Amino acid sequence: MKIKIMRATYIKKMAAGLLVLFVLGCSKYLDKKPDNLLTEEQVWQTKANAEAYLNNVYSYVYNTDGGDFASMGASDESSVCITTTDVRQMVSGNWSATSSYFYNWGHFYAGIRKSFVFEKNIDKVPSVEIGEDLKKQYKAENRFLRGWYYLQILKQYGPFVKLTDVIPSDADFNQYPRAHFDTCVAYINELMDQAFVDLPAQWGSSNNYGRPTKGSCLGVKSQVALLAASPLWNGNPAFASFKNQDGTPLASSSYDQERWKIAADAARAMIDLNTNKLFTNLDEGDPVFDPFLSVRDLFLTNWNDEILFANVNWWTWGYVKCASPGPGGYNMYNATQNLVDAFAMANGRTIDDPNSGYVETGFAGEDSDKDWAHKKGDWNMYANREARFYAFVQYNGRPVLAAPSTDDRNYFSSDANMDGRGRAEMYYNGKSGQKSRGTNNITGYNAAKRISPGDNIRNDVVSYHGPYILLRYAEILLNYAEALNEYDPANPAIVWALNQVRSRAGLPGIEEVYPEAVGNKDLMRKHILRERNVEFCFEGDRYYTLTRRLMMNDPSVQTIYGMNVNGDDGGLGFSYTGFYTRTVFQQRYWNDKMYLFPIQQTDIERNRALVQNPGW
């Protein structure tokens with residue numbers, strides 16, 4: 001069964017990568033239609049068919065089970081336990097321009113091409129079928145999607161080939177070079193500005209969940225502005241020779257401080273739109289604010305006002321199965337000690353702060369006064385931590401999330417531990433340990449974000465099928481704080497924006513615990529980036545933050561720690577202290593060429609105007 005889930009998760013991705021083809025070289029293939037499909041004229045004669053085509057444009061929004069490279073395994077927050085998976089090959093340096101690892105270039109161009117087809121034909125639908133206002137809305141959604149796909153290419157591969165229409169099948173495909181990075185940014189912003197006009201501020205019906213809004217457009221503009229301001233693209237000397245074949249540069253060679261102001265203004269524009277806010281458990285009708293329920297249930301609601309854009313069709317079961325402990329789950333999506341160390345204490349201080357109260361060794365002598373926090377007998381490393389730690393990380397001894405009944409919880413326990421709690425046994429001889437599970441779980445931790453306590457992974461029942469959040473308001477707040485800190489470090493709005501996110505997590509204001517950071521660009525930057533690390537763990541943000549800020553080559557990022565999962569507990573179980581020894585389980589490989597993914601060599605050969613990314 002373990003092998004089946006590995007295949008379901010990873011071979012599925014490989015097959016998907018092979019099925020999508022680079023748009024510039026494959027227009028004839030994309031134009032082919034099986035005999036049983038509607039003719040082009042029939043598609044644009046009814047509302048139902050036109051909407052089905054638009055839904056097909058939506059289908060290129062990245063559909064994941066949480067196991068894509070950015071959200072699981074490519075940064076220091078997580079790993080995938082099976083060594084043969086694509087992401088493990090990447091972080092070992094075993095890839096080249098002939099590899100197909102997470103090759104999304106052709107996938108997104110296929111979506112872009114279909115967006116052009118939709119835009120060129122939607123006006124053919126009779127007005128009795130679709131009124132003019134609805135056509136404007138559909139065009140706006142379509143333009144947003146095109147800009148979204150271009151943004152994903154820009155983040156993963158850098159400058160793209162800017163297309164503004166469908167390429168004819170008889171076109172000379174060698175006449176389509178890549179555009180300058182700044183041109184790409186401007187084009188994405190142009191598409192977002194166009195979409196903004198005819199999109200609603202909010203949708204009034206649950207039938208529209210997953211569709212963009214005005215806030216979605218401004219959120220994308222915030223993302224792309226922050227990317228443009230960051231060191232990867234703001235005067236990076238490594239890109240000095242990154243040029244098209246005619247010598248046209250593809251990136252700016254000089255640093256521009258003003259880009260940080262542009263990024264701050266873009267985030268502020270989304271904030272000032274005043275259509276979105278941070279989710280809390282009060283939004284669910286609870287009478288008292290609870291930070292744990294707020295950060296946990298943000299990902300367990302059908303929709304909420306924090307979400308700016310999301311995929312409503314992600315593979316929930318695959319994620320829950322891969323992230324849950326054995327024997328019901330597969331222990332595949334592992335959090336790291338690096339991430340665990342990033343979470344603050346409940347008092348808001350980091351664990352390296354002598355005043356934090358952090359204790360590295362020994363067992364907690366009593367339960368926390370919070371029912372969701374640590375219990376007596378948990379290792380002190382996990383005691384008195386902030387709410388997000390308990391909501392996002394499964395650690396040794398923490399009760400399994402996806403096990404609703406006493407009998408289900410006992411299923412995860414050895415005979416000596418059957419007390420109805422279902423504490424995850426990640427020590428060597430435990431039910432989720434190395435002896436029982438073979439190569440599974442290499443860190444002693446699993447991801448817990450997005451897993452519902454109503455799920456029953458023992459019986460493969462996943463009750464929650466809400467959206468996979470791709471963009472949310474908390475990111476805009478931290479984008480604002482980060483950009484403003486680089487441009488105007490004395491601005492009080494930095495503290496305001498950062499504290500919005502800290503407060504929702506139940507932490508005191510940054511000025512209360514670290515007043516020396518206020519107005520200090522370097523110190524405040526560390527706190528803002530740590531906040532991003534924790535708040536967006538397993539959401540892909542950590543990978544792109546490390547790449548855009550040129551931090552991937554830091555030894556602390558490439559040296560991955562976990563617990564001593566291979567230490568034989570000799571039957572001591574949870575009382576075995578040797579398990580809690582920090583252990584280097586992976587020394588990852590890094591080469592600066594990996595800041596951008598390679599374009600597959602086959603696509604370089606199809607389009608002779610297309611230049612490869614530096615170093616590949």
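# Cavities and aromatic contacts in a predicted model

About 610 Å³ of space lies in the largest cavity of this predicted model. Residues are numbered from 1 along each chain as its sequence is written, and because the model is predicted, local features need pLDDT of at least 70, side-chain atom pairs count only at pLDDT 80 or more, and totals for chains, interfaces and linings use all residues. Side-chain values use heavy atoms, with hydrogens and water left out.

## The cavities

A cavity is a set of points, on a 1 Å grid over the protein atoms alone, where a 1.4 Å probe fits but cannot get out; lining residues have an atom within 4 Å of a point. Grid points are joined across faces, edges and corners, and a volume is the space filled by probe spheres set on the points. Rolling a probe the size of a water molecule over the atoms shows where empty space is left.

The structure holds seven cavities of 30 Å³ or more. The largest cavity is lined by 30 residues, of which Q152, K155, E539, G540 and Y544 are the closest to its centre. At least two lining residues come from each of α7, α9 (214–229), β6 (468–472), α17 and α21, and β6 gives the largest share, five residues. Helices (H or I, at least four residues) and strands (E, at least two) are DSSP runs, numbered from the N terminus.

By class, this lining has 13 nonpolar, nine polar and eight charged residues. Here Ala, Val, Leu, Ile, Met, Phe, Trp, Tyr, Cys and Pro count as nonpolar, Asp, Glu, Lys and Arg as charged, and the others, Gly among them, as polar.

The second largest cavity has a volume of about 90 Å³. Its lining includes Y543, W590 and F597, and divides into ten nonpolar residues, one polar and one charged.

## Helix α21

Y543 and Y544 both belong to the buried residues of α21, which are D541, R542, Y543, Y544, T545, L546, T547 and R548. The helix is mostly covered, with eight of its eight residues buried. Buried means under 20% relative accessible area, exposed over 50%, and partly exposed in between, with a 1.4 Å probe and protein chains only. Among the elements that cover these residues are α7, α9, α17 (473–487), α20 (521–535) and α22 (555–558), where contact means heavy atoms within 4.5 Å. After the helix comes L550, whose phi is positive, near 55 degrees.

## Aromatic pairs and charges over rings

The structure holds 46 aromatic pairs. Rings of Phe, Tyr and Trp (its six-membered ring) pair if their centres lie within 6.5 Å; planes under 30 degrees apart count as stacked, over 60 as edge-to-face and the rest as tilted. Two edge-to-face pairs are set out below.

| Aromatic pair | Centre to centre | Between the planes |
|---|---|---|
| F69 and Y544 | 6.4 Å | 70 degrees |
| Y157 and F597 | 6.1 Å | 75 degrees |

The pair of F69 and Y544 links distant parts of the chain, 475 residues apart: F69 is in the loop between α4 (47–58) and β1 (78–80), and Y544 is in helix α21 (residues 541–548). F69 is buried at a relative accessible area of 3%, and Y544 counts as buried at 17%.

The pair of Y157 and F597 also links distant parts of the chain, 440 residues apart, with Y157 in helix α7 (residues 132–157) and F597 in the loop between β8 (583–587) and α23 (601–606). Y157 is buried, with a relative accessible area of 0%, and F597 is buried with 2%.

A charge sits over a ring if NZ of Lys or CZ of Arg is within 6 Å of the ring centre and within 35 degrees of the ring normal. The charged end of R423 is placed in this way over the ring of F574, 4.1 Å from its centre. Over the ring of F392 sits the charged end of K449, 4.2 Å from the centre.

## Backbone features

Most residues other than glycine have a negative phi, and most peptide bonds are trans. A cis peptide bond joins G326 and P327, with omega about 10 degrees; P327 lies in the loop between α12 (316–323) and β3 (333–335).

F102 has a positive phi, near 50 degrees, and is found in the loop between α5 (86–91) and α6 (105–121). F102 is buried, with a relative accessible area of 6%. Phi of D460 is likewise positive, near 60 degrees, in the loop between β5 (445–447) and β6. D460 is partly exposed, at a relative accessible area of 30%.

Key
On a 1 Å grid over the protein atoms alone, a cavity is a set of points where a 1.4 Å probe fits but cannot get out, and a pocket is an open set with protein on both sides within 12 Å along at least five of seven lines; lining residues have an atom within 4 Å of a point.
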